[in-house]
Amino acid sequence: MATTSPSLAPSRVVPSRRWRRFTKEGGAEILLLIVGLLLVWSIISSIIPNPSRYLPAPLVVFFSSGELIWKGLFPNYVGQTLYRLILGSILGLGVGIPFGVLLGLNRTVSDMFYPIMNFFQSISGIAILPIIVVWWGNSEKTVFTVILYTALFPIAFNVLSGVRSVPRIYVNAMRTLGASNYCIVRDVILPGALPYIATGARLGIGFAWRAVIAGEMLTGRRGLGWWIFTAQDTDHTDQVILGMLMIGCIWILLDRYALRPIEADTIQRWGLVQR
Amino acid sequence: MQAKLVVQGLTHHYPDEYTGEDVHALDNVSLEVEDGIFAAVVGPSGCGKTTLLNILAGLLPYREGHVKVDGVDVHGPGPDRGVVFQEHAILPWRSVARNIGHGLEIQGVPADERQRKVAEFVELVGLGGFEDRYPHELSGGMKQRVSLARTLCSNPIVMLMDEPFAAVDAQTRITLQEELNRIAIATRKTILFITHNVDEAAFLGDKCFIFTRRPGKLKATVKINIPRDRRIWKDLINDSEFTNHRDEILTLVREEVSTLGDD
Amino acid sequence: MSTIQELSIAVQRRFGRQRLRRIILGAIPFVTLAFLWYLNTANEWLPPVYIPPFASVWEAIFLLEEECMGFMDALTMGSGCMFTNHVFSSLGRVGLSLLIGLPLGIAFGVVAGMNRRIANALEPLGIFANSISGIAWLPLAIVWFGIGTATTIFILLNTIFWLVFFNTLLGVRSVPRVYENSVRTLGGSRWNVITQVYFPGALPSIVTGIRMSMGFGWRALIAAEMIGGDSGLGFMIFVSASEYKVEEVFLGVLVIALIWMFTDRTMLVPLEKWTIQRWGLVWRPS
Ligand SMILES: Nc1ncnc2c1ncn2[C@@H]1O[C@H](COP(=O)(O)OP(=O)(O)OP(=O)(O)O)[C@@H](O)[C@H]1O
Ligand SMILES: [Mg+2]
């Protein structure tokens, strides 16, 4: 509806353009929400018994890790977790993309492998973790296997659909020009499937992020997931909450400023296929 | 007898959230549409026609002026004013029949009576056999027929139509115009019809309001006394009475469009 | 010969040529894998501690159910029926969380989606909650609720609610305003607008949200049961793994996959297809 509420009627004081942009895009509401949430949080933690165990106040949480940062442990944990995520994702991409392309090139092959990939995808990486722990113990290899397994399937699936969505005419056109199979894959199939590859990568890395956190908790390898889990064990609830907030923030930053732009860019620039 | 639709001194501003300056869309508009009259509103793009219609429909609150339908002040939307929107506004998740009967459903009319009514209007707009189709299976013209039938079916006191045929092709538009004329004869509804197509206004209107460019003011009213049953494109296209009216409206609108550049 | 031909024609007619071809092709890797598994059992390339024989996985069910008093006992979750108890406990948690989480998520999503200001505020909150939802809440949940059902349900609810909420919100926001206007000019009340415009308009997106939340939720539940549970399939495989009962782990993992595939294929995917095809709606989760 075209109405605007009266509170937005033009006032005598004309605020700056930037401020208006900020409020128009919901900045004010977000600010209000954050302040409100912090307030509710502090109130709750000030009335419940034993807040340091159940819900430490925001400031307590904020200052809880001074010591950790000071000792350099905290950056270490974040670094470890990110390292696992990045290496695991690279492994996932490195295996998933060629795999998806190979499967997608031939209709018979892709029809053949689709169901079994579906089956393995529905066993989550976390569920196979106990098996792998039996095989390799609580080692770094175990964590990486879980991450790889988790990231692999969404990536391979998307690449497969991407390859299959490239219109046949492009391939045929290349054929009539006498291009080799390698040429066709490099010049038509890969660029054509790129938007899907980007989507798959974002999805796969998102899954991998959860897998890293859970994997660290379960195998006891040092990192953010391990940290919040041990903090809970040793009754440092303030550190648990801080760790959770960090986990959320890191993911949002990663998604907003790395993965999403890459995805949007590839779709716009390379998209043979309009979506 | 009092007019069905009365607008007095209506002025409207839109506040602009980015620049802080408001858009003056309507300026002191007064007009009346009598019972059973087909009124066409023409004016350059952006002159406030949709704004006027939204206010009449009750979708847009107004502060200055008066708007009365059948003697009652307009506050909020209601089934006494049926609206056919510029875009396709029929619900994609309802079949044709359920869309047409939607108004009756909301009013709580029992199912069997509703079915009878719906069947009647399906015939009137020529959609027989399409009752169970979903909107995405219809052409643009057919969608507007559904929209029209839905509005007619809840039997409003006045019908408000916002460029309902703007989005259909020229052939279909001619058919739809003649059909609307036929429906106007059959139902004797009071209609306010917004368009920027001068031919359409002259063909359909008993009365034609011409608006100035923004801020929209009523510039002139042209009365067209061609009997409804004579309004068929084949006959009218060379009819001097029709062409005179059309040229008169055209001249009035042209003046507005040609001065648009100084804005 | 003619019977075989007739049979093949009948089968082809029943499933359709293309589908039959796909079913057969898709079965090949499964059969191959099963065969490899069998060969491994026979030749012991990898010892049974790593890959247990299929027979022992199958037997694990009966070993776990040894003290079960029969069908009714299993249904009433008698203490002897260890395997079915874990299955039912996981399924029950999913059911309960859906029962609470879906209506809540949809209701909040619709209300938030209809109001720009609420939506503006809650959208980033939804993004944030979704990105820490699932497993990261686990330690805090254990502090609050201790080890057990409450914690696992909290994790599951948290995953389901935010995904459904977020998708509903996006769905509602994508419904063109003119639909609301048209219903209101027909005399529709606010409730009419919600039930006849925003809810159906957002339905494809809601269904996608349900499907996503089930996918993520099922994974999160398994992880939550491993770390913070005292029953359920996740708990079962975790405990079995620590006792090196690999056949029980395999059993659990297979059942987890089968349950999810079954739910997804027979309920969620058809539901999603149906809403989209039926109404010809195009929708795009962001
Ligand atoms: N919601 C709004 N907020 C601010 N300004 C608006 C809003 N809606 C319309 N306007 C402005 O008001 C003026 C009149 O708009 P309106 O939609 O009534 O024009 P119109 O005559 O229907 O045009 P058209 O023939 O193109 O449909 C335009 O200049 C437009 O920019
Ligand atoms: Mg308009």
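1. Let me start with a bend: H9 of chain A has a kink of about 30 degrees at A:Leu152, shortly before the proline A:Pro154. Please keep in mind throughout that this is a predicted model.

2. You may wonder how the span of that helix works out. Helix H9 of chain A covers residues 140-165, and at 1.5 Å a residue its 26 residues should span 38 Å; the end C-alpha atoms are 38 Å apart, so expectation and model agree. As for its surroundings, H9(A) is mostly covered, with 19 of its 26 residues buried.

3. Over in chain B, have a look at the sheet. It is open and built from six strands, ordered S6-S7-S8-S3-S9-S10, with mixed pairing. Strands S6 (81-84) and S10 (218-223) of chain B are the edges, each pairing on one side only. From one strand to the next, the twist averages 15 degrees.

4. One pair in this sheet is worth displaying on its own. Strand S9 of chain B (residues 207-211) runs antiparallel to S10(B), and five bridges join the two. Within this pairing, B:Phe209 has B:Thr221 of S10(B) as its bridge partner. Helix H1 of chain B (residues 49-57) packs on the sheet, where it touches S3 (38-42), S6, S7 (158-162), S8 (190-194) and S9 of chain B. The direction of H1(B) makes about 150 degrees with that of S7(B).

5. Next, the nonpolar interior. The largest core has 164 residues, and the members touching the most others are A:Trp227, B:Leu10, B:Leu192, B:Phe211, C:Val197, C:Leu233 and C:Leu251. Helix H10 of chain C (residues 190-228) supplies the largest share of this core, 17 residues.

6. Which residues does B:Leu192 touch, not counting those up to four places away in sequence? They are B:Leu5, B:Val33, B:Ala39, B:Val41, B:Leu56, B:Met159, B:Leu160, B:Met161 and B:Phe209. There is also a second, separate core of 50 residues, with B:Ala97, B:Cys208, B:Val222 and B:Val253 among them.

7. Finally, a residue of chain C: is C:Thr185 buried or exposed? Its relative accessibility is 4%, so C:Thr185 counts as buried, the cut-off for buried being under 20%. C:Thr185 lies in helix H9 of chain C (residues 177-185). Leaving aside neighbours within four places in sequence, C:Thr185 is in contact with B:Ala57, B:Leu59, B:Pro77, B:Gly78, B:Pro79, B:Arg81, B:Val83 and B:Phe85.

Terms used
Residues numbered from 1 in each chain as written. Chains lettered and ligands numbered in written order. Predicted model: local features only at pLDDT ≥ 70, side-chain atom pairs only at ≥ 80, totals over all residues. Heavy atoms only, no water. Helix = DSSP H or I, 4+ residues; strand = E, 2+ residues; numbered from the N terminus. Expected span 1.5 Å × (residues − 1). Bend = angle between axes of the 7 residues up to and from the residue. Buried < 20%, exposed > 50% of the residue type's maximum accessible area, 1.4 Å probe, protein only. Pairing = 2+ DSSP bridges. Axes fitted to C-alpha atoms, helices over the stretch in contact; angles between N-to-C directions. Contact = heavy atoms within 4.5 Å. Core = buried A, V, L, I, M, F, W, Y, C linked by side-chain atoms within 4.5 Å.
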